[in-house]
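Me: I should like to learn how to read backbone and burial features in a structural model. Could we work through the structure below together?

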Amino acid sequence: MPFARAQVARARWRRSAVLTGTLYLMPAALLTGVFIYWPLVASLVLSFHEWNLVSPTWTPVGWQNYIELFASRPFWLAVVNTGKAAAALTLLAVLIPMALAAMVLRVSPQIRNLYRVVLFSPSVISMAIACAVWLWIYHPLYGVLNTVLRLVGIEGPRWLSSGDWAIWGIINVTVWKSLGYNFVLFIAGLLMIPSEMQEAARVDGATEWQAFRHVTFPLLAPTTLFVFLTTFILAPQNLFVPTQILTHGGPNEASNNLGYLVYQLGFEYFRAGYASAAAMVTFLLFLGLTALQFYLAERRIHYES
Amino acid sequence: MHGLLCLACALIVFPLFWMLSTAVKPPQEIFAGTFRLSPERFTLENFRAAMTAVPIVRLFVNSLVVAFGVTVAQAVTSILAAYACALMPIPGRNVWFAFFVATMMIPFQVTMIPNYLLVSKLELLNTYTGLIVPQAVTGFGIFMLRQAFRSLPRSLVEASVLDGANSWQTLWRVVVPANRTAIAAVSILFFINTWNQYLWPLLVATDRSMKTLPVGMQEFVNLEGGTMWGPLMAAASMAILPALVAYLLAQRYILESFVTAGLKE
Amino acid sequence: MHWRKMGRRFLFTLALGASLVALPAPGWAASPVTIEYWHINSPTFGGPALKELVSRFEAKHPDVKVAEKFQPGVYTGLMQQLQVALAAKRPPAVAQIGYNLLAYAAGQFPHVILDKYRQSDPAFFKGIPDNIMALGQFSGVQHGIPFGVSTPVLYYNADLFKAAGLNPDQPPQTWDDVQRMGQAIKQKTGKFAIYLQQPNDDWMEQTLIWGNGGRPLSEDGKRVGWDSPQAIEAFQMWQDMANKSKLAANMTWEEGIQAFLSGHVAMCITTIGRQEHMRKNANNFQVRTAPVPRFGNKALATATGGNALIIFATDPAQERAAWEWIKYLLSPEGATIWTKGTGYLPPRAEIASDPTYLKPFFDENPLMQASLATFPYAKPWVSFPGPRGLEITKIFIKAREETLEGKRPAEAILKETAQQANALLPR
């Protein structure tokens, strides 16, 4: 191809790209603006007011909602629980699907498909229904979980009504529900790694585990990071439904978390301003933490490549 | 390894088995005092009850229309925005990207009420439009697709540009086909999330004829008069079928495109 | 082709939506008025009865159409939907408001004050006893018409009683009986003696306080009553049963019901509204009912559950139609259908013994007798006043949850939380 023609094509692309590119952004940008950022701004303004959704006026209260929030026990319990949940989720809902995906790819292709369907299946059930099912599994007297524990000589806890265990009951359902999708992402990630590299390692005398640890795992890093981030970001939202259905944040706030707290303040107490303040804090907290992770991750990937 | 995998499968799939098994048990057996997976007396009565108590076909159609509409809308807006953010030389594209990604961190309780009021003002309550349009965009989708598009070899886009294709043609002839796996993957997620979604349709669809499955199924849950566990689980068993089928179909496609992509590289 | 069809669908639904909100202008007497009625009556809890009520009412009033809408999540769920609908200025014409939420709704939501109908419909007001009518009043103003009336009762497993060597014809009458019989049940059968309902509301707690001679809220409405000696005594008893003697099961609401229906718990205190569910789902045992146990020789007293009907219609024609609907629901015919469908007690006591109305139903449903016997002792289910009232209820619920955890004595918990709550009551 003559050099000049290529130049012309590139220049034309660049000239038009600014306009067309902005055009491509528009559908998403407009919808985001109207349906996400406008409510966010309204919510920010509302967080400095008191409003019960029905009264015609918003009463300005300055920073009062934020002051009340930072002084309230439920808020700090919710922060701690959300932290616990985010940590447990990012650990369990990343490592388990990774291990499962690595194992599934070792078995013969015919059975592999079966595993893939079975392991994905929790993702297709609605969270509300999943919780209704887990309610039976968790039953302290004759639920299957404690029945099995009793077989091995352990008296299981009251998963949903004990202050020490309720948050773990919630986390467990959430992990279970996130496994399937993360599993599929790992399968995708693993399939993108050329199999020759792993075989080469094995020819060099590495054990299965060593091959995974030193060859597969580093090559899987982008997928892992991605799964890690999305699991983390979605944690507060994914905890919401199980909390609402299984414990209402109880007993005595023991399983409350930020996603549910916002709902509780807004829809159980009907304090829209106060709920908005809690929502703003949640948003900023997760925005900050995610930005930090992005920053660290970008640096790391930079090093590696 | 098979042993371990089988165990994991058993654990993970157990709640679904429990759902199915409850769906085919008569009420007395549902409340049997001991754990028992298979019913003593198999019954389809719960399925009949589920079908007569709520307009389940109607709920089904509504769920399907909404899930399909939202999936297509989210896929289109995400593809376009991700393409612009990943591959087009527009000013401030990282700012745009951050603008979209930050929406993932916004609790949905924030957007719910203002959007409801807007939809209500536009007279769109109890309509498919009202159910679909406010969720036609997702920061998650833009995030995922931008990551995928960025890893596309630049030479592919270059070649298309040198062929004289404009950006629109490049998108649909080169970028989208090369990323069909990623697009399929996020689309499945969009579909499943919408299929299972509860709070938004609860607010917008108050007419029984416009409700979606997860909302309609709540008629079986009543903390005052007693929950109908059998019909609830029967309805739930019927509700997971489309999502499972969608995944089955799509996963074969994904697998194939992974394999072919692997062969090419 | 496919898309065009979808497009038409959208247009169609748009038109449908628009037609639903288009209200007939006042004065168009010929065109029927449509009123929205929000309720919690799912298929197992009065749903079919409601459909019958609607069709009978519409037959009598061809100028009114009732659009009934089920709201999930019982009374709390309905309240949430209502709040949002009010924010959008499109509330239903009539809605069922749970008694525990009534003060909040009456105080915060724009609605129709019903005293003006006393002149036009004296017969209607005369038909309902004053003490029942009072459940819909605050400071003598009629905000709602009491519709669903329920009392808590003690359900018990007659077969477990027999297995423990107890006589199922003699259920416990006092809490001392419960403890004594409970010990026998625990020793002979290894089962829990009792489950006191623990949903996300404070009905059971208020019943305990009333029963021990206390008040959930002081008469002047300035102090909550759950730090009174009577309340502390009752809560301490519950804590001891859950933690020391292990007679009471401590678990979430649905779990507790599951435990009773599966025969793991011998007694269960909950609403009479559950009777049909209990009867139909009990796993191979006979369910019976008795009045809630008394404290020593104190008189029986229970909080009254259920709902009042409030009119939110702003259009005069709608309001009139809504009032006609309420009158029909509480008419002997309406109340009969309603009671049969839900197990709630009829707001008109006299039809319970009337052979043309409910006598056959009560004769066929012996489980209802305990509730009828409790009816004369019914106290209000206090809903805490002021804009922070719902938060106060939640504080009370959390106090119960902490009490049952058993890490601190009831007194410390109740005194501390009562202080928090008092600060939220209107001065």
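Reply: What follows is a short reading of selected backbone features and contacts. This is a predicted model, in which local features need pLDDT of at least 70 and side-chain atom pairs count only at pLDDT 80 or more, while totals for chains, interfaces and linings use all residues. Residues are numbered from 1 along each chain as its sequence is written, chains are lettered from A and ligands numbered from 1 in the order in which they are written, and side-chain values use heavy atoms, with hydrogens and water left out.

Me: Which two residues does the cis peptide bond join?

Reply: The bond links Gly250(A) to Pro251(A), with omega at about -5°. Pro251(A) sits in the chain A loop between α11 (240-247) and α12 (258-268); helices (H or I, at least four residues) and strands (E, at least two) are DSSP runs, numbered from the N terminus.

Me: Where is Glu253(A) found, and is Glu253(A) buried or exposed?

Reply: Glu253(A) is also in the loop between α11 and α12 of chain A. Its phi is positive, about 70°, although the residue is not a glycine. Buried means under 20% relative accessible area, exposed over 50%, and partly exposed in between (1.4 Å probe, protein chains only). Glu253(A) has a relative accessible area of 3%, so it is buried.

Me: What is the phi of Leu53(A)?

Reply: Leu53(A), not a glycine, has a positive phi of about 80°. Leu53(A) lies between β1 (49-50) and β2 (59-60) of chain A, in the loop, and counts as buried because its relative accessibility is 4%.

Me: Which residues does Gln28(B) touch?

Reply: Contact means heavy atoms within 4.5 Å. Leaving aside residues up to four places away in sequence, Gln28(B) touches Lys280(C), Asn281(C), Ala282(C), Asn283(C) and Asn284(C). Gln28(B) belongs to helix α2 (residues 27-30) of chain B and is partly exposed, at 30% relative accessibility.
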